[in-house]
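Colleague: Please choose one part of this structure and take me through it closely, keeping in mind that I am in my first year.

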Amino acid sequence: MGQESGQSPPGPERLADVFSVREIDLTEGDIRYYGEPVTDAAQVIQQVGPTFRQHGYRVRLRTESDGHVLVASERSLGVDGVPWLNVVLAAATLLSTLYAGTRWYGLSVVEEPAAIWQAWPFAAAVLGILAVHEFGHYALSRYHEVQASLPYFLPLPFNVIGTLGAVIRMQDNIPDRRALFDIGVAGPLAGLVATVVVTAVGVTLDPIYVDGGLITRIELGYPPLIQGIAALVGEPLSYDDPNLLPNPVVIGGWVGAFVTFLNLIPVGQLDGAHISRSLVGERMDAVQFIVPVLLFCLAGYLFLFEAGRGAPLWGFWGIIALVFSRAGTASPLVETPLGPRRRALGILTLVLGALCFVPVPIVVSV
């Protein structure tokens, strides 16, 4: 059901000052307005978006072979039926994080398949942080009446953390900068709270003795946030015995901090871009130009002065940032300035994100 049940879409006369409509068509539930922009094409959605939103529709502008078309789709804030794809991906990610966890616990699922369930604290730590992060976005999307999907968890069976993270899809026009900010900031802040809790619990648990294998050759770089929590609790993050490792729940906290930092990189559709776009407005283009340069410079520094440790990771993210920046970031329909409280919260979130950064987060020795 659409947000504004029973309302008709806006007629061509409501769009005349912005978009000249020559034909209207109904295709697969979407209403398509064929025509040409009267004003700058880049401003069309900002001009007509509020009108469609009032009528219960979201709208996007597309360019086709015979000209421009405004595509309006009825908005729906609920979940229709069982979201099977979300459920299947969540189950697959649970299994992949359980399997990854067996490595951190020094267990062999080949010798004892049931041992996979002993890795549940690691899987719960990782999935708990990811879920809290994504449902933070989802909750604020619902609060601002922005259509968004439930989280999609992304399994990655054969790496050391078992997942690529999780995402939600915002399938709507963002009404204003306040909504963009609130939705963007909610995930990292919620995830940071979960990361702090998981890390604080993890450092109080007994370390794990692992008799050789890949995990003992992995060196994690702990960011200031994780180091600070361990110091406050009075527990170590490393041991003299190379086979003695922190409890895998601590690794879950490390994953949370690492994911938070990556999400706060201000490019494309990442959380950091939504927050920064809300704070600086149209100056976001300059921010997105600088970020890949900084990441490539970091990779170059590590290559020259740190024997290349961490350089491939940040070189890869420099490329990702370059691609994301070309794809653009979310633009609200109304450029309502943020108040001082939101601006302060945004700056605080970016500072906390910086505490999740470490130049060399992970190294695997040969």
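**A close look at residues 311-333**

Modeller: Over residues 311-333 the chain is 74% helix and 0% strand (DSSP runs of H or I over at least four residues, or of E over at least two), with the end C-alpha atoms 39 Å apart. This is a predicted model, in which local features need pLDDT of at least 70 and side-chain atom pairs pLDDT 80 or more, while totals for chains, interfaces and linings use all residues. Residues are numbered from 1 along each chain as its sequence is written, and side-chain values use heavy atoms, without hydrogens and water.

The unreviewed UniProt entry annotates 311-333 as "transmembrane region", a label it also gives to other spans, including 114-132 and 345-364; such annotations may be inferred rather than shown by experiment. For residues 114-132, the end C-alpha atoms lie 28 Å apart, and that span is 68% helix and 0% strand.

Helix α10 covers residues 311-327 and supplies four residues, the largest share, to a nonpolar surface patch. The patch is made by Phe296, Ile319, Leu322, Val323 and Phe324 and has an area of about 420 Å², where members have over 30% relative accessible area (Shrake-Rupley, 1.4 Å probe) and no salt bridge, and nonpolar side chains are joined within 5 Å. Phe324 has its place in helix α10.

Turning from the surface to enclosed space, a search of the whole structure finds two cavities of 30 Å³ or more, each a set of points on a 1 Å grid where a 1.4 Å probe fits but cannot get out. The largest cavity holds about 50 Å³ of space. Its lining (residues with an atom within 4 Å of a point) includes Trp314, together with Gly221, Pro223, Trp254, Phe258, Phe261, Cys356, Phe357, Val358 and Pro361. Helix α7, residues 248-263, gives the largest share of that lining, three residues. The second largest cavity holds about 40 Å³, and among the residues that line it are Leu205, Pro236, Tyr239 and Val250.

Elsewhere, the structure holds ten salt bridges (a Lys or Arg side-chain nitrogen within 4 Å of an Asp or Glu carboxyl oxygen). In one of them the side chains of Asp172 and Arg53 meet at 3.8 Å, N to O. Asp172 lies in the loop between β6 (163-167) and α5 (177-204) and Arg53 in helix α2 (residues 44-54), so this pair ties together parts that are 119 residues apart in sequence.

Terms used:
1 Å grid on protein atoms, 1.4 Å probe; cavity = no way out; pocket = protein on both sides within 12 Å on 5 of 7 lines; lining within 4 Å. Points joined across faces, edges and corners; volume = space filled by probe spheres on them. Patch = residues over 30% accessible without salt bridge, like charges linked within 9 Å, V, L, I, M, F, W, Y side chains within 5 Å.
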